[in-house]
Amino acid sequence: MAVPTALPSLRESIRHHGLDALKSLGQHFLLDPTLCMRIAALGGNLVKTHVIEVGPGPGGLTRALLDSNAQSVHAVEIDRRAWPLLEELQAHYPEQLHIVRQDALKLDATQLTPAPRQIIANLPYNVATPLLVNWLRQAAQWSRMVLMFQKEVAERICAAPGSAAYGRLAVLAQWCAECSIALTLPPGAFSPPPKVHSAVALIIPHAEQPAPALFKAMEQITAAAFGQRRKMLRAALKPIKGSILLEEAGIDPTRRAETLTIAEFDTLAHCHLRQQQGPS
């Protein structure tokens with residue numbers, strides 16, 4: 001492929017290829033280069049880091065990541081309409097940019113690059129939560145995640161015990177990582193503007209991560225506990241022998257899920273795993 005003499009601007013590329021954001025894919029394009037640079041900068045020094053970007057669309061954030069001198073950028077995009085724009089960009093960065101034409105929900109992104117690796121992405125809103133949970137299951141493989149969500153979802157990820165937003169997502173995320181909201185963006189920053197504000201969550205995995213069996217146990221505990229969050233724990237956890245778990249963990253069965261700390265959920269998950277494994 002011949003390399004053009006100059007890379008067209010992002011808006012010129014979008015006009016040339018006729019790319020419009022699709023509601024069915026949860027797309028809202030971030031076109032402001034300054035904002036894209038701010039998001040890329042949240043990844044820190046990327047010179048020796050491999051970056052996976054999910055849902056690059058026309059490539060606004062992709063351009064910022066490439067300018068950050070990341071060792072490589074793997075852009076995972078299922079939308080065929082966006083591929084020509086990414087190919088146009090790849091012509092200017094043939095060694096650095098790799099286009100992955102797959103569904104991110106069906107992809108083990110850790111197989112794309114060696115470590116150290118990060119995920120930096122403006123996630124499609126309709127699949128953002130399941131993508132995050134998948135990545136938390138393998139949090140040991142990521143040095144950092146810089147992820148754009150609807151603001152409400154980012155607040156749920158970072159919520160404290162006792163708050164209205166605290167739930168299953170907060171427990172899973174904060175059990176595996178340090179989580180904070182690094183940047184909030186208004187609807188007008190996107191094309192087309194979504195109906196809600198957006199926020200970038202900075203997720204830095206802990207040095208030690210739960211084994212897969214323990215993570216599964218935590219998923220079961222949190223699903224039961226928050227599935228009926230108005231109920232006391234003894235009722236909410238009844239399907240998984242909650243009375244035994246709560247007694248072993250030393251937790252008052254009349255409490256509700258939103259009052260438990262991450263450490264208390266960790267204790268419950270360990271108890272649940274031991275119960276599943278049976279006598280040693």
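Visitor: At what angle do helix α1 and helix α4 pack, and how far apart are their axes?

Guide: Before anything else, keep in mind that this is a predicted model. Now the general idea: two packed helices are described by the angle between their axes and the distance between the axes. Here, helix α1 (residues 10–17) meets helix α4 (residues 83–90) at about 135°, and their axes are 10 Å apart.

Visitor: What do we call the way α1 and α4 lie to each other?

Guide: Oblique. An angle has to be over 145 degrees to count as roughly antiparallel, so α1 and α4 come out as oblique instead. Their crossing is right-handed. On the α1 side, the contact is made by S13, I14 and H17, while α4 brings P84, L85 and E88. Sort the residues of this contact by type and you get three nonpolar, two polar and one charged.

Visitor: Okay, on to the backbone. Which peptide bond here is cis?

Guide: Start with the usual case: most peptide bonds are trans, and most residues other than glycine have a negative phi. In this model, the bond from A115 to P116 is cis, with omega near -5°. You can find P116 in the loop between β4 (97–100) and β5 (117–122).

Visitor: And what is phi of N69?

Guide: Near 70°, which is positive even though N69 isn't a glycine. N69 sits in the loop between α3 (60–67) and β3 (72–76). K241 is another case, with phi near 55°. Look for K241 in the loop between α9 (233–236) and α10 (242–249).

Visitor: Is K241 buried or exposed?

Guide: Exposed, because its relative accessible area is 52%, and the cut-off for exposed is over 50%. Compare Q118, a residue of strand β5. Q118 has a relative accessible area of 4%, so it counts as buried. Setting aside neighbours within four places in sequence, Q118 has contacts that include L46, H50, I52, W142 and V146.

Visitor: Last one: how many disulfides turn up in the whole structure?

Guide: Zero. To read this feature, check the distance between cysteine sulfurs: a disulfide needs them within 2.5 Å. For C158, the nearest cysteine sulfur belongs to C179 and is 5.5 Å away, so C158 is in no disulfide. C158 is partly exposed, at 22% relative accessibility. C271 isn't in a disulfide either, as its nearest cysteine sulfur, that of C176, is 18 Å away. At 1% relative accessibility, C271 is buried.

How values were computed
Residues are numbered from 1 along each chain as its sequence is written. This is a predicted model: local features need pLDDT of at least 70, side-chain atom pairs count only at pLDDT 80 or more; totals for chains, interfaces and linings use all residues. Side-chain values use heavy atoms; hydrogens and water are left out. Helices (H or I, at least four residues) and strands (E, at least two) are DSSP runs, numbered from the N terminus. Buried means under 20% relative accessible area, exposed over 50%, partly exposed in between (1.4 Å probe, protein chains only). Contact means heavy atoms within 4.5 Å. Axes are lines fitted to C-alpha atoms, for helices over the stretch in contact, and angles run from 0 to 180 degrees between N-to-C directions. Angles under 35 degrees count as roughly parallel, over 145 as roughly antiparallel, 65 to 115 as roughly perpendicular and the rest as oblique. A crossing is left-handed if the near helix is turned anticlockwise from the far one by less than a right angle, and right-handed if clockwise. Ala, Val, Leu, Ile, Met, Phe, Trp, Tyr, Cys and Pro count as nonpolar, Asp, Glu, Lys and Arg as charged, and the others, Gly among them, as polar.
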